[in-house]
Every structure is written in C-alpha cells, then in structure tokens.
Amino acid sequence: MKYGFYLPTRGPVATPAALTDFAQAGERLGFTSTMIADHVVFPVKIDSAYPYTVDGAFPGHGDQLEQLTLATYVAAKTERLRLVTSVMILPHRNPVLTAKMLATLDFLSNGRLTLGVGVGWMREEFEALDAAPFDDRGAVSNEYLEIFKKLWTEDAPSHAGKFYRFEALHCEPHPVQKPHPPIWIGGHSRPALRRTAKYGDGWHPVGAVDAAPLLPDDFKAKMDELYRLTEAEGRDPTKLEISLKAPVYDRNAGTRADGERRYFTGTDEQIAEDIELYRGLGVGEMVFDFRAQTLNACIERMQACAEGVMRLVN
C-alpha cells in the first residue's frame, strides 16, 4: 500500500519554511505522494454547491496558493515525493500553456508529476477567470486532455476541436515520464468513471466523508462499473491506479450519519483493517489529511500514522 498526504495551500502552515518542513517530513516518513489542491480565486458570493459537504457550503476562506507554483516549489525542496495535482480544474487554464507548464514541472522534478484532474464545481470561479463555459466543462475537460497528450507525445502536433484549435507547433521538452505523466481522474459520478476509462491512468475519488462516503458496497459497485467501461474502451482496467482520498483520518473514532464508526477513524488497528478492506476492493494508495493549525501538530499526526497504521499495513 502506498500513502499520500494533503499539503496545505492556505492558512498558518502555508508558509515557505513550514511547507518545506512538512513536505520533507512526509518524504522522510515514507509517504509516496503529496496532494496539492487547485483554486485560483474565490468570488465573495458563492451560490454553487460544494460536493463534499452535506450542506453544500464551501469551507474555504478566499486565500490559497496557486497550484502549479506551489508544486514547483515543493519539487525543489524534495527528492522522491510525487507531486499530485489533486485536482487540477482543467477548464480554468489555457490548455497549451498548461501542458507546457506541466511538462516543465515533470522535467524539473525528474519525472515526479502525477496529474490529478477534475471538471470543477464553482460556476462563479469559471466566470471570474473567463474560462470555458461552465455548462460545457465536461466536454472541454476531455478535449483538453486530448491536447495535453498530443503536446506531450508528438513532435509537431496540431488540433482542431470544438473548444480549441492550433496549427502544427513544437512544444518541447516533452515530459520525462513516458508516454506522459500519469493522469488520475477525480470524482465518482458516471461521467468521471467514463473519463477515467477513456483517458485516465488512475481513478482518484474522495470518500469517507458524509457527503461522499463511498462505503465498501458502493465503492465495489463503482469499481465494477469502472472495469466494464474501461474494457469497453479496449483498455486493461487492471493497469489503472486507484488512489482514494480519505480526508477524515482521525485517531478519535468518529461516527457516520447512520451512527456507525466512520471509516479510517479510531485505533491504529481499526484504521489498518479499513485500509485492508479497501485494498481488497482495488485501492493501491490511501491519502490522509494531517493538516492542522500548527506545523508541529501536522507532523505529529503524520508521524503517528506512519509509526502506527503504516507499520500494520505494508
């Protein structure tokens, strides 16, 4: 089993020194990857419903470091840690410029980029960025993934799509990873599963929160559907990486809405049993959230997981 952790993008631990210490601690403790979130701006008034809270309220407060700049900073401060955009909102950025920035990040990090992607949920942010139409975000995202792959693998690609076009051009150096950095698709809706089946190297959903619990039976059903869709695309579903984000990691046992213990909370042994259960359903990497209000608290939570849970589940 591999393990990842969320990197702070705002708040008291999102400073150069603290981010460096946190990322290096994760690398030292044996974590494989760090997750870096993506928002560019926060409109003062947000009516769009956030999909990962029960009431739809977004927990952000308007301050956040830019994703790719932060990933590049962390790349320079670490040696082995994989840098996961978790997730990049594809329609927010120009696809050619973004492909170039991602290829550069992969090149400068010696092939440590994993591109986690999503289609976005906040209409107001799309409008503030003058991005592609919010209602077309799924189709736009698919086309942008096709553009990325062309720019990363072809010598003189061109593109004539519904939402973007360009004549033959050179976009080098290509990424270090071949044929390109792994692409993980976020979300667990049917369109997200279809996108994973067609374009993805991995599936990267959020689970274990009341708004999106992904309990074992539901997770298994999603995996079965993903396998069917991937096979229908003529691809081998067993080659997909499955990375589950479980942001509620807590050594104090929590309860779900139905009164049962929330998965990935409680004793080290209980959390280890949960990980083994989901590993049996296909998960190859667990991502936990150790973020707190101080750097010391972040590292203490991370170290407790590494010395407890991770030693129980190899």
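Colleague: Does Ala 292 count as buried, partly exposed or exposed, and which relative accessibility places it there?

Modeller: The model is a predicted one. A residue is called buried under 20% relative accessible area and exposed over 50%, with partly exposed in between. Ala 292 has a relative accessibility of 24%, so it counts as partly exposed.

Colleague: Where in the chain does Ala 292 lie, and which residues does it touch?

Modeller: Ala 292 belongs to the loop between β10 (285-288) and α9 (295-307). Leaving aside residues up to four places away in sequence, Ala 292 touches Val 13, Ala 297, Cys 298 and Arg 301. Phe 134, by contrast, is 158 residues from Ala 292 in sequence, and the two C-alpha atoms are 33 Å apart in space.

Colleague: The loop leads to α9. At what angle do α1 and α9 pack?

Modeller: An angle under 35 degrees counts as roughly parallel. Helix α1 (residues 16-28) and α9 pack at about 10°, and their axes are 10 Å apart. The two helices are therefore roughly parallel to each other. On the α1 side, the contact is made by Ala 18, Asp 21, Phe 22, Ala 25 and Gly 26, and on the α9 side by Leu 295, Cys 298, Ile 299 and Met 302. Seven of these contact residues are nonpolar, one is polar and one is charged.

Colleague: Which residues form the contact between α2 and α3, and how do these helices pack?

Modeller: Helix α2 (residues 67-77) and helix α3 (residues 95-108) have axes 10 Å apart and an angle of about 10°. That makes α2 roughly parallel to α3. Leu 68, Ala 71, Thr 72 and Ala 75 of α2 meet Met 101, Leu 102 and Leu 105 of α3. The residues of this contact are six nonpolar and one polar, with no charged residue.

Colleague: How should the strands be read, and how many form the barrel?

Modeller: In general, strands of a sheet pair through backbone hydrogen bonds, either parallel or antiparallel. Here eight strands form a closed barrel with parallel pairing, in the order β1-β2-β3-β4-β7-β8-β9-β10. On average, and with direction ignored, neighbouring strands of this sheet are turned by 25° against each other.

Colleague: Which bridges connect the strands around β3 and β4?

Modeller: Strand β2 (residues 33-36) pairs with β3 in the parallel sense over four bridges, and Met 35 stands opposite Val 84 in β3. Between β3 and strand β4 (residues 113-118), which run parallel, there are five bridges. Leu 83 has Leu 113 in β4 as its bridge partner. The chain passes from β3 through α3 to β4 in a right-handed β-α-β crossover. Three bridges join β4 to β7, and these strands also run parallel; Leu 115 stands opposite Ile 183 in β7. Helix α3 packs on the sheet and touches β3 and β4, its direction making about 150° with that of β4.

Colleague: Why is strand β3 described as largely enclosed by the rest of the structure?

Modeller: Strand β3 (residues 82-89) has eight residues, and seven of them are buried, so the strand is largely enclosed by the rest of the structure.

Colleague: Which residues of helix α6 are buried, and what do they pack against?

Modeller: In helix α6 (residues 190-199), the buried residues are Ala 192, Leu 193, Arg 195, Thr 196, Ala 197 and Tyr 199. The buried residues of α6 pack against the helices α5 (137-153) and α7 (216-232) and the strands β7 (183-186) and β8 (202-204).

Note on methods: Residues numbered from 1 in each chain as written. Predicted model: local features only at pLDDT ≥ 70, side-chain atom pairs only at ≥ 80, totals over all residues. Heavy atoms only, no water. Axes fitted to C-alpha atoms, helices over the stretch in contact; angles between N-to-C directions. Parallel < 35°, antiparallel > 145°, perpendicular 65-115°, else oblique. Contact = heavy atoms within 4.5 Å. Nonpolar A, V, L, I, M, F, W, Y, C, P; charged D, E, K, R; others polar. Buried < 20%, exposed > 50% of the residue type's maximum accessible area, 1.4 Å probe, protein only. Pairing = 2+ DSSP bridges. Right-handed = clockwise from strand over helix to strand, strands pointing away.
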